[in-house]
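Grab a coffee and open the viewer. Below are a few short exercises, each followed by a worked solution you can check on screen.

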Amino acid sequence: MRINKYLASCGVASRRKVDAMIKEGRVTVNGVRLTEPGIDVTEQDEILVDGRRIEGNEKKVYYLLNKPKGYVTTVSDEQGRATVLDLIHEDAGRLFPVGRLDANTSGLLIITNDGELFHHLMHPSHHIDKTYRALVQGFFTLAKAERLSKGIDLGDFTTAPAKVTVIKQGKNSSVVDITIHEGKNRQVRRMFKAMGHPVIELERTRLGPLVIGRLAAGSYRKLSPAEVQALFSRRG
């Protein structure tokens, strides 16, 4: 396997960044410092990045987790808060979440040890759709849904067009489904706040071809081979 693909699958960095690291002299194979990308390696080779040995023989695992509120989407937390990895009761070795949901947001999250899938899904050019169900304050009108669907200026950036469906309207609160492909920090919450409707509850219900379905909060399941393949082939 080409070394950039191999190191990406181990979670080191994207293929492009691995190529840059090699040119910077940060990668050695069997004691030889590489200066040009493009070589093939196997799991029997000793590969070091910045002096750290990279182990790549672990079996790839993929979980779909229904993240509850109150958990942070990190591998560890300096403040001692519970992380999403505390919910995975499997001896699967090194795991990490793909992307982030803030502590007060629940819903669909992928947990894996496959760095290549991580970099594929996180690459901005792939435009992976993400659907959220939001409970927002106030009576949310169809006119405001139309404004969100065309993109709005949030000050530091303008959102891309979103797909917005009003599920339920009420005097004090409304339920709205929104699909975006960007991944800016707290973007959905900021979009609704800009419309004058702060978010009360927020749940991610879909990521690309995956849906949360009836999976209970705090529970997880393994992805099928077909689901994993669909994620790798997903662009938009």
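The exercises start with the overall build, then turn to aromatic rings, one helix, the core and the main pocket. Keep in mind that this is a predicted model.

**Exercise 1. Get a feel for the whole protein: how many helices and strands are there, and what share of the residues is buried?**

Solution. Start with the secondary structure: it comes to six helices and 13 strands. Next, the dimensions: the C-alpha atoms fill a box of roughly 70 × 35 × 35 Å along the principal axes. Now burial: 46% of the 236 residues count as buried. Last, look at who touches whom. Among contacts between residues at least 6 apart in sequence, 63% join residues at least 24 apart.

**Exercise 2. Work out how the rings of Y63 and Y220 are arranged, and where they sit in the chain.**

Solution. A pair of aromatic rings is described by the distance of the centres and the angle of the planes. For Y63 and Y220, the centres are 5.4 Å apart and the planes make an angle of 80°. Planes over 60 degrees apart count as edge-to-face, so that is the label for Y63 and Y220. Then find them in the chain: Y63 is in strand β5 and Y220 in strand β13, 157 residues apart. Both Y63 and Y220 are buried. This is one of three aromatic pairs in the whole structure.

**Exercise 3. Do the same for F140 and F192, then decide: are they buried or exposed?**

Solution. Distance and angle come to 5.6 Å centre to centre and 65° between the planes, another edge-to-face pair. F140 sits in the loop between β8 and α4, while F192 belongs to helix α5, with their positions 52 residues apart. For burial, the cut-off is under 20% relative accessible area. F140 has 0% relative accessibility, so it counts as buried. F192 is also at 0%, and therefore buried.

**Exercise 4. Follow helix α5: which of its residues are buried, and what do they pack against?**

Solution. The buried residues of α5 are Q187, V188, R189, M191 and F192. Their packing partners are β7, β8, α4, β10 and β11. R189 may catch your eye as a charged side chain on that list; its relative accessibility is 13%, which is why it counts as buried. Setting aside neighbours within four places in sequence, R189 contacts D102, N104, T105, V199 and L202. Just after α5, G196 takes a positive phi of about 85°.

**Exercise 5. Find the largest nonpolar core: how many residues does it have, and which have the most contacts inside it?**

Solution. In soluble globular proteins, nonpolar side chains tend to be buried together. Here the largest such core has 33 residues, and I111, F140, L148, I178, M191 and F192 have the most contacts inside it. Elements giving two or more residues to this core include β5, β7, α4 and α5. Zoom in on I111: beyond its neighbours within four places, its contacts include V61, Y63, L65, V84 and F96.

**Exercise 6. Locate the largest pocket: what is its volume, and which residues lie nearest its centre?**

Solution. The volume is about 770 Å³. Of the 33 lining residues, R100, K130, E182, G183 and K184 lie nearest the centre. α3, β8, α5 and β11 each supply at least two residues of the lining. Finally, click on K184 once more: K184 lies over the face of F157, at 5.3 Å from the ring centre.

Note on methods:
Residues numbered from 1 in each chain as written. Heavy atoms only, no water. Phe/Tyr/Trp six-rings, centres within 6.5 Å; stacked < 30°, edge-to-face > 60°. Helix = DSSP H or I, 4+ residues; strand = E, 2+ residues; numbered from the N terminus. Buried < 20%, exposed > 50% of the residue type's maximum accessible area, 1.4 Å probe, protein only. Lys NZ or Arg CZ within 6 Å of the ring centre and 35° of its normal. Contact = heavy atoms within 4.5 Å. Core = buried A, V, L, I, M, F, W, Y, C linked by side-chain atoms within 4.5 Å. 1 Å grid on protein atoms, 1.4 Å probe; cavity = no way out; pocket = protein on both sides within 12 Å on 5 of 7 lines; lining within 4 Å. Points joined across faces, edges and corners; volume = space filled by probe spheres on them.
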